[in-house]
Amino acid sequence: MTKKIIISLSMIALTIAGVTSATIAYFNDTVTVTGVTIAMGTADLESNHTTDNTDSGYDTNSTDLIDLNLTIPGLYPDFEASGNIWLRNISGSPIDLRPYTRLTAATSLNGDDWSLLKDQIEIKITDLNDGNYSLGWQTLEWWNSELRPISNTTGITVEASSDGVANSHNYTIEARVKSDAGNDIQGKSLTGVTWEIIGEQVQ
Amino acid sequence: MKKILLSIFAITTIISLVAGAVYAAFSDKATSGPNTFATGNADLKIAIDTDKDGQKSAWDDSTTPAFPERWTNLYPGWEDSYWIYLKNESSSPITLKILPTVDITSYDIADLWDDVFMEITWSDGSHSTGKYSLRVWRENSSTYLEPTLAKDAEAGPWVVNFSISENAGNEIKDGSIIFDLIFDGIQII
């Protein structure tokens, strides 16, 4: 008896479900906006590695290293040297880029040279096309600790100038040895000091 | 016991026949017919105004945004919109509720499913459907537009706004996604 009742109830339930399905099968029609395409662009920051400090000779391969030809032989307290690079924004997307940099690698020829020099050598980077924006003299350790902006918040605009040439910024990179560095740095050296430069989209 | 049941069945049958005989008197019938039931249809139309200047396209079953160049070289934080209008041209006297959905037809970077967002509002920004990724619009769309459309009624513009997440990065560079935006008009009682 119990089984019969259950089966009967099931039949009722199925019937109700069937009726419910039928009631929502109303008329309907669709319209379509077809082929909506959203295509992304790119951010593209280029640097040049010319030795004559001209706004030309840009490296289209962003993975190549820039050789600043900035060699500092015979370091001594108060020594200063400088070099130049250019950066330009040729992004496919209409976005401005703010460049950041970080010292990512250096080779100590004598093992512990990095630990001795990282706080005694200072670097100053100045954006000559952005009101001489600069974070001032900072140690190698400071530049190594995290990405640091080298242009103001407006960055390098992607808008080409009137002659159709992409906008670029000229930076000087100055290096000096702290005046109070002592004999500890005698005979020490760093080679392959590498700076990573990243252009971040300005929101 | 079985015999008793059979007897009862026989008696019941006889009574029914007698009853049938009683009603077999004079009779006549009148017929109304033939009756014709002709169904109508649900018919939803769309028009688009890509420049949002009040110059919308002709009513049609489908339409295409007329700015192939405008939505290229896009970037995180980008957003743009177009206007759409809808009209109930059903032959049946029915009211339609409108459910927007998305059908992604091609893509080359899967992240775009989650980094491209769509929101539909009235032109004053009110009555938002909420802002959801294309994935959500495709898989879980459940928000109907307001208002519903009575027969012969048209409404709009609705602002269909698209945006790219500011949290997206180089993982979507040079990618593209193509999709259809579908408005399903469903009869309501």
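This report covers the interface of chains A and B, one aromatic pair and the strand pairing in a predicted model.

Residues count from 1 along each chain as its sequence is written, and chains are lettered from A in the order in which they are written. Local features need pLDDT of at least 70, side-chain atom pairs count only at pLDDT 80 or more, and totals for chains, interfaces and linings use all residues, while side-chain values use heavy atoms, with hydrogens and water left out.

**Interface**

Chain A puts 23 residues in contact with 50 residues of chain B. Contact means heavy atoms within 4.5 Å. The buried area between the two chains is about 3100 Å², and carbon and sulfur atoms give 58% of that. Buried area is the accessible area (1.4 Å probe) that two parts lose on being put together, summed over both. V31(A), I38(A) and M40(A) supply 25% of the area that chain A buries against chain B, more than any other three residues.

Polar contacts join 23 residue pairs across the interface, both residues at pLDDT 80 or more. A polar contact is a pair of N or O atoms within 3.5 Å; within protein, one must be able to donate a hydrogen and the other to accept it, and residues adjacent in sequence count only if both atoms are side-chain atoms. Strand β1 (residues 28-39) of chain A gives the most to the side of chain A that touches chain B, with 12 residues. Helices (H or I, at least four residues) and strands (E, at least two) are DSSP runs, numbered from the N terminus.

**Strand pairing**

Two strands pair if DSSP finds at least two bridges between them. The table lists two pairings, one across the interface and one within chain B.

| Strands | Bridges | Direction | One bridge pair |
|---|---|---|---|
| β1(A) and β8(B) (residues 176-188) | 10 bridges | antiparallel | T30(A) and D184(B) |
| β5(B) (residues 116-122) and β7(B) (residues 154-164) | Seven bridges | antiparallel | V116(B) and I164(B) |

In chain B, five strands form an open sheet in the order β1-β3-β7-β5-β6, with antiparallel pairing. Its edge strands are β1 (44-49) and β6 (132-133) of chain B; each pairs on one side only.

**Aromatic pairs**

Over all chains, the structure holds nine aromatic pairs. Rings of Phe, Tyr and Trp (its six-membered ring) pair if their centres lie within 6.5 Å; planes under 30 degrees apart count as stacked, over 60 as edge-to-face and the rest as tilted. W143(A) and W195(A) form an edge-to-face pair, at 5.6 Å centre to centre and 75° between the planes. W143(A) sits in helix α3 (residues 140-145) and W195(A) in strand β11 (residues 190-201), 52 residues apart, and the pair links distant parts of the chain.
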